[in-house]
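Work through the exercises below with the sequence and the model open. Each task sentence is followed by its solution in steps.

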Amino acid sequence: MATLLSVNVGMPKDVLWQGRTVHTGVWKSSVAGPRMVRRLNIDGDGQGDLRGHGGENRAVLVYQIDSYNYWQRHFGRDDFVHGQFGENLTVDGLPDDEVCVGDRYRIGEAEFEVTQPRVTCYRVGMRLGEPDLPALLVAHHRPGFYLRVITEGHVQAGDEIVRTRTGPERFTVADIDALLYLPDRDPERLRAALRIPALSPGWRSSFEDLLAAAEHGQPAASASAPAIGAEPGWVGFRRLKVVATVVESTTVTSIHLAAADGRPLPAALPGQYVTVRVAAAGEPAPVRSYSLSSAPGDEGYRISVKRERCGVVSGYLHKGLHPGTMLDVAAPRGEFVLGGGDTPVVLLSAGVGVTPVLAMLHQLVAEDSLRAVWWVHVARDPAEHVLGEEAHDLLTRLRDAHEQVFYTATCAGPGAPGYRTPLGVAHRLVAPFRISAGRPGARALSEMGIPPEAGAYVCGPAGFMADMRTVLESLGLRGENIHTELFGGRPAITPGIAERVAPPPHPPTGPPGTGPLVTFARSGLSVPWSQERRGIIDLAEACDIPTRWSCRTGVCHTCVTALQWSSLVRKGDLPGRSPLRPPPR
């Protein structure tokens, strides 16, 4: 008979960790006497990060005393106390290879249902002082599991644990965990797992993606989005020749690239970017990423580069190029791409953010698409309106297109004081598209008739992205149908870490490393590797480069990024870890 050994609770608190403040509820302590279990948690308990923990399907976390003993032997320790692994219920019995998802158990007055294995994050490693623990819990098949509260009631140490119902399909917690993380998945097993009503939505979504990948012959890592590097492509950097440069506005110049041998370049997906390494702009050679603004079927590539104030690379690309100049370019990549189907499309951009959505517009025209298209662009004034006539001409070829341009400067119209005529249209008195003053809001977009079932693709500065997402959601568009692409690095994901004002990326303090050169493409920083760092994330953080991670051990895949180029390194020069399927949240 399984037994409840301890009830553990703790409210979120701020904890200092590696010089930063983490808001976490992983510190749980054993309590005496009965405690009321409610739908979302136990009285006196809370979660610090509700995106990764908590909620109805993760209300109560269970861990077994047998695993306590296992980890004490593994680490050579004898100082563990109940609640050490952040669990609410420490139990004797209920091993992961016997408990099934969908099983129900009565403990004291309450009844529970098993919903999913535990998904570990870096905070359990903080709690034990063992940074690799999140990965070890997966690798050693000892994750523990979450419960949903079916009947609220009091529980206390010493209560017997009685199974009241067996879950359908008889998938143990260990089975479900292995089905997500281990290779060579059987599609029939995936279908069986999806027949378990109690399986939490996050895990269900992951299994649906895996099953779709298996049925369509796609890589298992992603069934719903293209690979980060589009195929066919090439490995590392390739020398491409500048065939032309075209001034598009007061701040943007387009650069046309082609293969040195004249052969067509591999087709990119509409919306992808390329990374350019510019040896002539500095030492070590800086790298930058630019969205392709050309039609995906063109034989060459076009990037449209905005000249940044004090921008070393953009300054060189604007002034230092001429036909015949060679540039090192990585293959097209990126997940901000136009989806298929027949649903309406909203292409919404600001400034030079027009480039990836313009490539999408080219694709729609090339396909002679019947989809309804809403084109919305924001510029400061006509002089900074990038590729506007090209977009307008493309829209006239579509059967159902709606176009609206917004100029944010107070003197945006012809004849107004300070009006600057856009390049290439000096002969026009009025632009060939509809112009509004100010920024687009809910009322303006609503008047355009954007339907709630549309898929939106939005690119521009960070504040613009956030505002447009809010506006589109207010019009009824679903969050998962709003796709965004920030110019610059992707937004940081550092769960639980308190926000701080970080300086621009810089080399790490202290003596420089002696290992291979590591280049952070979007930040444009190259630094030598140092064995003092536990991993690339540590190096990025030492450089104040925005990072994306959750577990910090290679389990969750939040930190996955594309390797654009590498040279041979000696064994041990860089840390390595076997990739694992990203877990659901």
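**Exercise 1. Find the residues with the most contacts inside the largest nonpolar core, and the helix that gives the most to this core**.

Step 1. A nonpolar core is a set of buried Ala, Val, Leu, Ile, Met, Phe, Trp, Tyr and Cys residues joined through side-chain atoms within 4.5 Å. Buried means under 20% relative accessible area, exposed over 50%, and partly exposed in between, with a 1.4 Å probe and protein chains only.

Step 2. The model is predicted, so local features need pLDDT of at least 70 and side-chain atom pairs count only at pLDDT 80 or more, while totals for chains, interfaces and linings use all residues. Residues are numbered from 1 along each chain as its sequence is written, and side-chain values use heavy atoms, with hydrogens and water left out.

Step 3. The largest nonpolar core has 44 residues, and Val 60, Leu 89, Phe 112 and Phe 207 have the most contacts inside it. Helix H4 (residues 173-181) gives the most to this core, namely five residues. Helices (H or I, at least four residues) and strands (E, at least two) are DSSP runs, numbered from the N terminus.

Step 4. Take Leu 89 and leave aside its neighbours within four places in sequence; its contacts (heavy atoms within 4.5 Å) then include Leu 4, Val 7, Ile 42, Val 60, Ile 107 and Leu 147.

**Exercise 2. Which strands pair with S1, and in what sense**?

Step 1. Two strands pair if DSSP finds at least two bridges between them.

Step 2. S1 (residues 2-9) pairs antiparallel with S7 (residues 89-92) over four bridges, and Thr 3 has Asp 92 as its bridge partner in S7.

Step 3. S4 (residues 29-31) is joined to S1 by three bridges, again antiparallel; here Val 7 is partnered by Val 31.

Step 4. S12 (residues 160-165) and S1 are antiparallel over two bridges, with Ala 2 opposite Ile 161.

Step 5. Six of the eight residues of S1 are buried, and the strand is mostly covered.

**Exercise 3. Explain why strand S18 is largely enclosed by the rest of the structure, and list its pairings**.

Step 1. S18 covers residues 326-330, and four of these five are buried, so the strand is largely enclosed by the rest of the structure.

Step 2. S13 (residues 237-247) pairs with S18 in the antiparallel sense over five bridges; Ala 330 is the bridge partner of Phe 237.

Step 3. S15 (residues 273-277) pairs with S18 over two bridges, also antiparallel, and Val 276 is partnered by Val 329.

**Exercise 4. How many cavities of 30 Å³ or more are there, and what lines the largest**?

Step 1. On a 1 Å grid over the protein atoms alone, a cavity is a set of points where a 1.4 Å probe fits but cannot get out; lining residues have an atom within 4 Å of a point. Grid points are joined across faces, edges and corners, and a volume is the space filled by probe spheres set on the points.

Step 2. The count is two cavities of 30 Å³ or more. The largest has a volume of about 250 Å³. Its lining has 24 residues, and Gly 25, Val 26, His 53, Gly 86 and Tyr 146 are the closest to its centre.

Step 3. Strand S3 (20-24) and helix H2 (122-128) each supply at least two residues of that lining.

Step 4. The second largest cavity has a volume of about 60 Å³; among its lining residues are Leu 269, Pro 270, Tyr 301 and Ala 359.

Conventions:
On a 1 Å grid over the protein atoms alone, a cavity is a set of points where a 1.4 Å probe fits but cannot get out, and a pocket is an open set with protein on both sides within 12 Å along at least five of seven lines; lining residues have an atom within 4 Å of a point.
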